[in-house]
Amino acid sequence: MALLAERGIAGPIETAIVLGTGLGPVADALEGAISVPYADLAGFPAAGVSGHGGRLVAGTWEGARVAVLQGRAHYYETGDPAAMRVPLEVLARLGTRQLILTNSAGSLHADWYPGSLALISDHINFSGLNPLIGTDGDARFVGLADAYDRHLRMRLKRAAAQAGTAALREGVYMWFSGPSFETPAEVKVAKLLGADLVGMSTVPEVILARRLGLRVAGLSLVTNFATGIGGGNPSHTETKDTALGGSLALKRLLRAFLRARDDA
Ligand code: HPA
């Protein structure tokens, strides 16, 4: 925190945004941006996945104080589901009111096309993992009934209409540890269980952020059809390439979201 203050980053932050694979360019929209590499910040992850910048960027966007975590740690990199604990705690200490987590995800529907954005309405975590395992006290028993904030979801849907991007679909995101992609049988099961999207991130961050009392929204950029959906056979290259194009739509959506904050 002292280091952030030294570099000129201070709270309160109105909106914090975590940018997933290939979505890093969204941070270019910030004005008066100050950026600090994760390597300078104790407890922040060493960003390892290609397509991830590994920087905390703070600035102004549409008049709002915004912080962006450009790059995240995934469970599959370290085996630690709490790998994002410190960055999220820092956001909370900066007075962040709301957190928008973005990711790339595989679609379980033949008509949820790569390149489209979807709001996460809920998640399924059948991984057996939880970032709060091993923490103390009653506060670890975090309720997840409204993990994905209704009000933020409504604002994001309205922003999509204002931004002229396609209407935002809403769906359930199922977390897989990765780094291997799912088998066709796993994707069938995910669909049977009620999932609409599959991915390798976000869920542990939602749990940590709710523990910290942050209001959370999740946005998925569909980068591919999940394994076996419409012949889908995802690869990391496909994921990254689609995400780069999708970052433009995400930028438009977030700009409209921040611009409309006065009617929050
Ligand atoms: N599966 C898991 N994670 C992903 C996918 C997928 O199909 N696409 C992007 N992230």
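# A tour from the ligand outwards

By class, the shell around the ligand is made up of five nonpolar, six polar and one charged residues. Keep in mind as you click along that this is a predicted model.

**Stop 1: the ligand and its shell.** Select the ligand, then add S104, A105, G106, F181, E182, V198, G199, M200, T223, N224, P234 and T239, the residues around it. Show them as sticks and leave the rest as a cartoon.

**Stop 2: polar contacts.** Which residue has a side-chain N or O atom 2.7 Å from a nitrogen atom of the ligand? Click on N224, for its side chain supplies that atom. Next, turn to the backbone. A polar backbone atom of S104 lies 3.3 Å from a nitrogen atom of the ligand. At G106, too, a backbone N or O atom is 3.3 Å from a ligand nitrogen. Now switch on a surface for the protein: it covers 96% of the 260 Å² of accessible area that the ligand has on its own.

**Stop 3: the strands behind the shell.** Go back to the cartoon and colour β5 (98-107), β8 (197-199) and β9 (215-225), the elements that give two or more residues each to the shell around the ligand. Which of them gives the most? That is β5, with three residues in the shell.

**Stop 4: the largest pocket.** Zoom out a little, staying with the ligand, which sits in the largest pocket. This pocket has a volume of about 320 Å³. It is lined by 23 residues, and S104, F181, M200, H236 and T239 are the closest to its centre. Try selecting those five together. S104, F181, M200 and T239 will be familiar from the ligand shell.

For the wider lining, colour α7 (236-259) along with β5, β8 and β9; these elements give two or more residues each to the lining of the pocket. Here β5 provides the largest share, with four residues. Sorted by class, the lining has nine nonpolar, twelve polar and two charged residues.

**Stop 5: an enclosed space.** How many cavities of 30 Å³ or more are there? The count comes to one. To find it, select A73, H74, Y75, P204 and E205, which lie nearest the centre of the largest cavity. Its volume is about 60 Å³, and 13 residues line it. Eight of the lining residues are nonpolar, three are polar and two are charged.

**Stop 6: two cis peptide bonds.** Hide the surface and look at the backbone. Start with G11 and P12, where the peptide bond from G11 to P12 is cis, with omega near -5°. P12 is in the loop between α1 (2-6) and β1 (15-19). Then jump to G178 and P179, which are also joined by a cis peptide bond, this one with omega of about 0°. For orientation, P179 lies in the loop between β7 (169-175) and α5 (184-192).

**Stop 7: a positive phi.** End the tour at E62. What is the phi value of this residue? Phi of E62 is near 55°, a positive value in a residue other than glycine. You will find E62 in the loop between β3 (55-61) and β4 (64-70).

Note on methods
Residues numbered from 1 in each chain as written. Predicted model: local features only at pLDDT ≥ 70, side-chain atom pairs only at ≥ 80, totals over all residues. Heavy atoms only, no water. Near = heavy atom within 4 Å. Polar contact = N/O pair within 3.5 Å; in protein donor to acceptor, adjacent residues only side chain to side chain. Areas by Shrake-Rupley, 256 points an atom, 1.4 Å probe, with all protein chains shown as cover. 1 Å grid on protein atoms, 1.4 Å probe; cavity = no way out; pocket = protein on both sides within 12 Å on 5 of 7 lines; lining within 4 Å. Sits in = over half its atoms within 2 Å of the grid points. Nonpolar A, V, L, I, M, F, W, Y, C, P; charged D, E, K, R; others polar. Points joined across faces, edges and corners; volume = space filled by probe spheres on them.
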